[in-house]
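Here's a quick briefing on the charged side-chain pairs in this one. Have the viewer open while you read.

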Amino acid sequence: MSNSVNISVETTCENQIREIGYDGTELYQPPPTLSESLAKCAARIDFSKTSLDDLKKEEKTAAAAADEDKDATQFQESLWPWDAVRNKLKDALTEICVLSDVISIAKDKRYLVLDPLLEEPDDTKPIVQVYSRKKAISQAAQVLLGGAERLRNAHSEQRTRNVADFHIELLRLRQNWRLKKVSNAIIGDLSYRTAGSKFGMSGTFEVTKAEEASDDDTPSSSSSNTGSTTGNNGLQMKASSALRVIVPAELQGVAYIKVITQKDQEDLCTAQVNLMGHGPNITAQVGVWQKTLEFAQNVLFCKELFAQLAREAIQLQAPIPHVVIGNQIRATLLPNIQLIISLCHSTTFDSSQPAPINDHDHVLEHSLHQLLREVHYKNSHHPFPHPASAPLGPTKKRMLAGPTAADRETLLDMTKSQTILEQIIAQAQHIFMRKRTQYVLDTLARDVKDPQIVSHWNAMNSPTMSCVKINIVTHGYDAIGRTSLVIHVKERSLKCICRDGRVMRLSYEPQELRDLILCQINSHQISCLISLARCMAWTVLSNSNHLGIGKVEPLGNASSCLLASPNSDRMIAVQIRCDPQIDVKVYIAKSPRQDFFPSPLVPEKLWENLGGNFKEVRFDKIEGKSFLNKMEFLMASLTSNSA
């Protein structure tokens, strides 16, 4: 053909390009082997789309065509009813046999090897991996060594340098005080609101970073960044801090509450209440700002306590009204005895330190702390209702009042509660009564030498009741007898329990207690004399602890006793009075009478055995250390004379 066109025909590139070099050289992937081609072809077959029934139909069609070509005389299939089932079972057995052959071939790996259809990975040399891992490990080691070196340098600088770190100081401050960030400022709280306090005064303080230029110029009255702190010896010690703590003006300085029990301008009991000195001293560990915050919190504590006491003093309806004037509360404990509670607040550190107290009552101080803590606890801890549908407020005892059938008086007692001021007044009254009782007992033990008065105060007492056991004994005659009594010292009264079970209630007057002890001494002397007389075979004719004749005793009651010798020829009359000391008088009578003469009225002589007149014995001239010792010598001498 004249118009034919030459066409160049090129075979397609069956091999894929694996890599193209920088110079344009193309590196082809080698053609697959026969096994790889077979595996790829087999991978393209979707066996799930091929139905077994279709394959059987094709086989049956091919078999039918072959059967038509065969001889007609060939064996014909029987029309047995179970022929279809037999064919199904035969096909299943064939498939299982084929599967078993495939599994055995794949397991033995002698005839067929199954390889995954994955592209061959790039050839990487092992030395390259070793170098890459080594480089990565060296970089990680450099990071760790660098961080350790920075930590070591920071720790060494912290030990050597004098300038404190702001963040370290802030961390220490946050460990001991409540802080929060408001905008760009750091605000702290000194109040006891989280503990249940409802005091309205703000206890917030501000924390700022101290500047080095202003540390040497600004005073440290309202901040504790750098300045001078006063030690126990009064010297000024320079201390530096990276923090500046600014407290409100009303919380600056030192405050304490002074409690005085006063009688006629004479201090009987004194206590000072503040928070200073309570708990461990951690100022040296945390920073100089710790002392400033402690002083500020102490001022807040004292003001809250005084405000609570002043509020209760105004609300209470006392027989003698309480007086609240300025920073002082006056309450009447007993006649001529007053309780004075004063709030002392000074903004200067030099004059704020209180003078040492010689008679400081630690129990009263602890009670004020504990009672305010109890008020905080009740404000924040309310009893849960039982059951859950019950109303809030009633205590568990009031909830159980119905099932326990409590009466009206018990219910009224449950609703009663004492305020802090009432409890402090009760404790102050008890302290005064205890001191007065101690003074009376010590005075009697000093003045009365015979018998001996021994007092045993109970070590476990309550704030409003104490117990003392009094033993009256005579030295050398302890086995003959002793007189014991127990005195319960309460708030405004005394309860005396004698050995015989008698209970006597005394008022706050000391003369009543002194009178009771003197009566017990008289009773002790008479009872011990009776026991001694019986041991010496003397007869007790009569005795009385309350003699009704003679002049009226100013203190106590007179006691008497009448004794007769074994032969009844001697009689001893003993009279013991308190005037105001123990006064003992002894009288002796003899029989028969030496001055008996018969008369017309008394003609018989037998009346002379009635005994003569009693003659007083100079008892102080008799040998003996005690009353019983002298009476023992006297009875012994009279017994020997009569014998």
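The count of salt bridges comes to 7 in this predicted model. Three of the pairs are walked through below, including one between Asp83 and Arg86 and one that links Asp189 with Arg178.

**Within helix 3**
- Asp83 and Arg86 pair up in a salt bridge, with their closest N and O atoms 2.6 Å apart.
- Both partners sit in helix 3 (residues 83–108), and because they are 3 residues apart there, about one helical turn separates them.
- Asp83 has a relative accessibility of 14%, so this residue counts as buried.
- Arg86, on the other hand, is partly exposed, with 42% relative accessible area.

**Within helix 4**
- Glu149 and Arg152 bring their side chains together in a salt bridge, at 2.6 Å from N to O.
- Helix 4 (residues 126–160) holds both of them, and with their positions 3 residues apart, the two are about one helical turn apart.
- Arg152 comes out as partly exposed, at 49% relative accessibility.
- Glu149 is also in the partly exposed class, at 37% relative accessibility.

**Between strands 3 and 4**
- Arg178 and Asp189 meet through their side chains in a salt bridge, 3.1 Å from N to O.
- Arg178 belongs to strand 3 (residues 178–182) and Asp189 to strand 4 (residues 185–189), so this pair ties together parts that lie 11 residues apart in sequence.
- Arg178 has a relative accessible area of 34%, which means partly exposed.

Key
Residues are numbered from 1 along each chain as its sequence is written. This is a predicted model: local features need pLDDT of at least 70, side-chain atom pairs count only at pLDDT 80 or more; totals for chains, interfaces and linings use all residues. Side-chain values use heavy atoms; hydrogens and water are left out. A salt bridge is a side-chain nitrogen of Lys or Arg within 4 Å of a carboxyl oxygen of Asp or Glu. Helices (H or I, at least four residues) and strands (E, at least two) are DSSP runs, numbered from the N terminus. Buried means under 20% relative accessible area, exposed over 50%, partly exposed in between (1.4 Å probe, protein chains only).
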